[in-house]
Amino acid sequence: AVALYIVPTPIGNLGDISSRAIDVLNNVKLIACEDTRHSGILLSHFGIETRKTALHDHNERDRADWIIQKLSNGEPVALISDAGTPLISDPGYHLVSQVRAAGYKVIPLPGACAAITALSASGLPSDRFTFEGFLPSKEKGRIDKLTELKEDPRTLIFYESPHRIIPSLESILVALGEDREIVMAREMTKTFETFLCGTVKEVLEQVKADPNQQKGEIVLMCHGYRLNDEEGIPTVVISTLKLLCEELP
Ligand code: SAM
């Protein structure tokens, strides 16, 4: 069918591509890739010879018109990103909204997404969560963002780059407190996949002590704000009592 297909690609292990994804990528007339060279390696691994075009943050709005033109000529198009699900901290939002506005079908394929993969194995509550993408690169921005999320009861999910993992953990410690439970998922589906679990203080110490933990691709997850402690006492009551204790003679 003439449509824009949204096709997830693996986040590490090439075995995670679906057979439907391969069929779609073989049968569309054009694949819009975040980086044609990067995706070229993946596509040639699967013997896919479909024509490629670059669609990244800088040309997405202009390229959308051209892709809509292709659809109007009856040519189906697929969108992929470097890894995982397009649009999730990756380009594609402007394209999808413009294709829909132009009246064409957008067909999503389910597949790899680092945030969901990490959450599913984290052991943190998964009934409610909020995906926040990358934390701001400057400390002030990070602290402001985290302060905004401090009392959010949902599990918080962030993407992180290895060179910013220590500063980000430090900001989480400052803004959410050293006892907040966190999980750091690193290099998922790859050889050195690791999950570190504990309080922010514990995980930060482990990451600082082991340079290997400062490499690769990382998803950080924080337990949501607890309304009650384990005995059912509201957290605000406990923090107020702590403050009072400090002030009392
Ligand atoms: N669209 C992708 C998705 O669906 O997950 C995410 C793209 S975003 C530009 C890249 C970030 O995703 C990395 O910095 C890291 O936070 C996370 N990520 C991607 N692959 C990962 C992996 N194998 N293990 C852990 N995190 C990963």
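1. Let's start with the shell around the ligand. Its residues split into eleven nonpolar, seven polar and six charged. Keep in mind as you read that this is a predicted model. There are 24 residues around the ligand, and the ones that come nearest are Gly 84, Ala 114, Tyr 159, Met 188 and Glu 217. Some elements give two or more residues to this shell: α5 (114-122), β7 (155-160), β8 (181-186) and β10 (218-222). Hang on to those four names, as they come back below.

2. Now step back to the whole protein. You should find nine helices and ten strands. Along its principal axes, the C-alpha trace spans about 80 × 40 × 30 Å. Of the 249 residues, 31% are buried. Take the contacts between residues at least 6 apart in sequence: 72% of them join residues at least 24 apart.

3. Which strands form the open sheet, and in what order? There are five, and they go β6-β7-β10-β8-β9, with mixed pairing. At the edges sit β6 (129-134) and β9 (194-199), each of which pairs on one side only. If you ignore direction, neighbouring strands of this sheet are turned by 15 degrees against each other on average.

4. For a closer look at one pair, try β6 and β7. They pair in the parallel sense, over four bridges. In this pair, Phe 129 stands opposite Thr 155 in β7. Then look at what lies against the sheet: α5 packs on it and touches β6, β7, β8, β9 and β10. The direction of α5 makes about 50 degrees with that of β10.

5. What about the nonpolar cores? The largest one has 30 residues, and Ala 118, Ile 157, Ile 182, Val 219 and Met 221 have the most contacts inside it. Two or more residues of this core come from each of α5, β7, α7 (165-176), β8, α8 (200-209) and β10. The largest share is that of β10, with five residues. Apart from this core lies another, of 24 residues, including Val 7, Ile 17, Ala 21 and Ile 48.

6. Ile 157 is a good residue to click on. Which residues is Ile 157 in contact with, leaving aside its neighbours within four places in sequence? The list is Ala 115, Ala 118, Leu 119, Phe 129, Thr 130, Phe 131, Glu 132, Val 219 and Met 221. Two names on it should ring a bell: Val 219 and Met 221 are also among the core residues with the most contacts.

7. Over to another set of strands. Strand β1 (residues 3-6) runs parallel to β5 (residues 105-108), and four bridges join them. β1 also runs parallel to β4 (residues 77-79), this time with three bridges. Leu 4 is a handy place to see both pairings: Leu 4 stands opposite Val 106 in β5, and its bridge partner in β4 is Val 77.

8. Last, pick out Ser 97 in helix α4 (residues 93-101). Is Ser 97 buried or exposed? Ser 97 counts as exposed, because it has 12 C-beta neighbours inside 10 Å, and the cut-off for exposed is 12 or fewer. Ser 97 and Ala 64 are 33 residues apart along the chain, and their C-alpha atoms are separated by 9.5 Å.

Key. Residues numbered from 1 in each chain as written. Predicted model: local features only at pLDDT ≥ 70, side-chain atom pairs only at ≥ 80, totals over all residues. Near = placed C-beta within 6 Å. Nonpolar A, V, L, I, M, F, W, Y, C, P; charged D, E, K, R; others polar. Buried ≥ 20, exposed ≤ 12 C-beta atoms within 10 Å, placed from the backbone. Contact = placed C-beta atoms within 7 Å. Core = buried A, V, L, I, M, F, W, Y, C linked by C-beta atoms within 7 Å. Pairing = 2+ DSSP bridges. Axes fitted to C-alpha atoms, helices over the stretch in contact; angles between N-to-C directions.
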